[in-house]
Amino acid sequence: MESKDRAVMRVLSGEKIWPPPIWMMRQAGRYLPEYREVRAKAKNFLDFCYSPDLATEVTLQPIRRYGFDASILFSDIFVVPDAIGYPVRFEEGRGPVLEPLSSELIDRLEQDRAEDHLKPVIETVSRLRAELPEETTLLGFCGACWTVACYSVAGHTTQDQVAARVGAYKDPDLMQRFIDELVTASISYLIRQLDAGADALQIFDTWAGVLDDAGFQRWCIEPTRKIVDGVKAARPGAKIIGFPKASSARMDAYIKGTGVDAVGFDWTAPDHRALEIQKQVPIQGNLDPMRLVAGGKALEDGVGHILKTFDKGPFIFNLGHGVTPDADPENVARMVEMVKRG
């Protein structure tokens, strides 16, 4: 089967398919007992991401269990800064910890080391394309530069990314230097994923919604546009989904400014905004992940509402953010059943 004939790819090309194809952000993750068994084999999270054997296995697990229409590479947004020499580590119970951003640290970054460093991830992509069912779309991804950079100013995440916002205001030139390094590395990384067998790509900007208008333009739209332009200049047919979380009010500007082919919405997006955007580009979303925790009527009402609301145009069913570790796998099965029934 050619890439363009897979259901998710057809939607990304503007076709309406019903029932809509479905996949789930973080679908390979801690809510699955089989994932937790594999995770225990790696000494730390980055080693997990850099093990083709382990990463391939956990990427395939939700496909085997649920038959999702797309499989997204199991990796992490922080492999990009790690690949160019930005010190990154993961602490249990705390998540990613980066060295605080400084001019001296940026001076030490090396783009040339990224290709060799990321070989295990690219090998995972190749293995996945060989092992996935023919009809399953394989998605590659990277983190948007602002979201990756958010963790660098204080060295860790802060409430509403206050540290990153203050840092960008106080020293925008320093932030720009780091963002530019991330843009360069991300373009190369995404192109390599496509060449290894990814059908399409997603750019995750989890923290886009904390920015004011000027910041959204400079730190969200402009770097994403550079990545999209860079990838499409090298691979003109590439399909790229943008996911600027909590940014539905700015989605018109985001689409126009970045050139993405489709956009994902989080669960807070008003229906009327998503419907307006659906007339411009394919959309993806936007079930509240907490409905997979609650189950029952809450889940059925949420899924039913989305299916009734977005059935007029190109649509991919997904969550409004990643599935959480406390989601019930049986509730995920129920969601998939409802969507596939239409």
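Is Gln161 buried or exposed? At 0% relative accessibility, Gln161 is buried. The model behind these views is predicted.

**View 1. Two residues with positive phi sit in the loop between H9 and H10.**
Gln161 is found in the loop between H9 and H10. Asp160 lies in the loop between H9 and H10 as well. Phi of Gln161 is near 50°, a positive value in a residue other than glycine. Phi of Asp160 is near 55°, again positive and again not in a glycine. Their exposure can be read side by side: Asp160 is partly exposed, with a relative accessible area of 41%, whereas Gln161 is buried at 0%.

**View 2. Helix H10 has a buried side and an exposed face.**
Helix H10 runs over residues 162-170, and Ala164, Gly167 and Ala168 are buried in it. These three cover an arc of only 100° around the axis, so they lie on the same side of H10. An α-helix has 3.6 residues a turn, so residues three or four places apart point the same way. Which residues are carried by the face of H10 turned away from its buried side? That face carries the exposed residues Tyr169 and Lys170. The cover over the buried residues of H10 includes helix H9 (145-153), helix H11 (172-196) and helix H12 (213-234).

**View 3. The annotated binding site spreads over several parts of the sequence.**
The UniProt annotation "binding site", from an unreviewed entry, covers Arg26, Gln27, Ala28, Gly29, Arg30, Asp76, Tyr151, Thr206 and His321. These residues span 296 residues in sequence, and the farthest two C-alpha atoms are 23.3 Å apart, so they do not all gather at one spot. The lining of the largest pocket takes in Arg26, Ala28, Gly29, Arg30, Asp76, Tyr151, Thr206 and His321 from this set.

**View 4. Ala28 and Arg30 differ in exposure: one is buried, the other exposed.**
Ala28 lies in the loop between helix H1 (7-12) and helix H2 (33-39). Arg30 lies in the loop between H1 and H2 too. Ala28 has a relative accessible area of 13% and is buried. Arg30 has 53% and is exposed. What does each touch, leaving aside neighbours within four places in sequence? Ala28 is in contact with Tyr35, Val58, Thr59, Pro62 and Phe74. Arg30 is in contact with Tyr35, Arg36 and Pro325. Tyr35 therefore appears in the contacts of Ala28 and of Arg30.

**View 5. Arg39 is a buried arginine in helix H2.**
Arg39 is found in helix H2. Its relative accessible area is 16%, and Arg39 counts as buried. Leaving aside neighbours within four places in sequence, Arg39 is in contact with Asn44, Phe45, Phe48 and Glu92.

**View 6. Ile77 is buried in a loop.**
Ile77 lies in the loop between strand S1 (70-72) and helix H5 (79-83). Its relative accessible area is 16%. Because buried means under 20% relative accessible area, Ile77 counts as buried. Not counting residues up to four places away in sequence, Ile77 touches Phe141, Cys142, Gly143, Thr147 and Val148. Ile240 gives a further reference point. Ile77 and Ile240 are 163 residues apart in sequence and 16 Å apart in space, C-alpha to C-alpha.

**View 7. Two cis peptide bonds: Trp18 to Pro19, and Gly285 to Asn286.**
A cis peptide bond joins Trp18 and Pro19, with omega about 0°. Pro19 is found in the loop between H1 and H2. The peptide bond from Gly285 to Asn286 is also cis, with omega near -20°. Where is Asn286 placed? Asn286 is in strand S8, residues 283-287.

**View 8. The protein chain as a setting for the close-ups.**
The protein chain has 17 helices and 9 strands. With 342 residues, a compact globule would have a radius of gyration near 20 Å; the protein chain has 19 Å, which agrees. Its C-alpha atoms fill a box of roughly 55 × 45 × 40 Å, taken along the principal axes. Buried residues make up 58% of the 342 residues. Of the contacts with a separation of 6 or more, 73% come from residues 24 or more positions apart. The protein chain exposes about 13700 Å², and carbon and sulfur atoms supply 49% of that area.

Notes
Residues numbered from 1 in each chain as written. Predicted model: local features only at pLDDT ≥ 70, side-chain atom pairs only at ≥ 80, totals over all residues. Heavy atoms only, no water. UniProt positions renumbered as here; feature names shortened; annotations may be inferred. 1 Å grid on protein atoms, 1.4 Å probe; cavity = no way out; pocket = protein on both sides within 12 Å on 5 of 7 lines; lining within 4 Å. Helix = DSSP H or I, 4+ residues; strand = E, 2+ residues; numbered from the N terminus. Buried < 20%, exposed > 50% of the residue type's maximum accessible area, 1.4 Å probe, protein only. Contact = heavy atoms within 4.5 Å. Arc of directions from axis to C-beta. Rg over C-alpha atoms; globule rule 2.2 N^0.38 Å. Areas by Shrake-Rupley, 256 points an atom, 1.4 Å probe, with all protein chains shown as cover.
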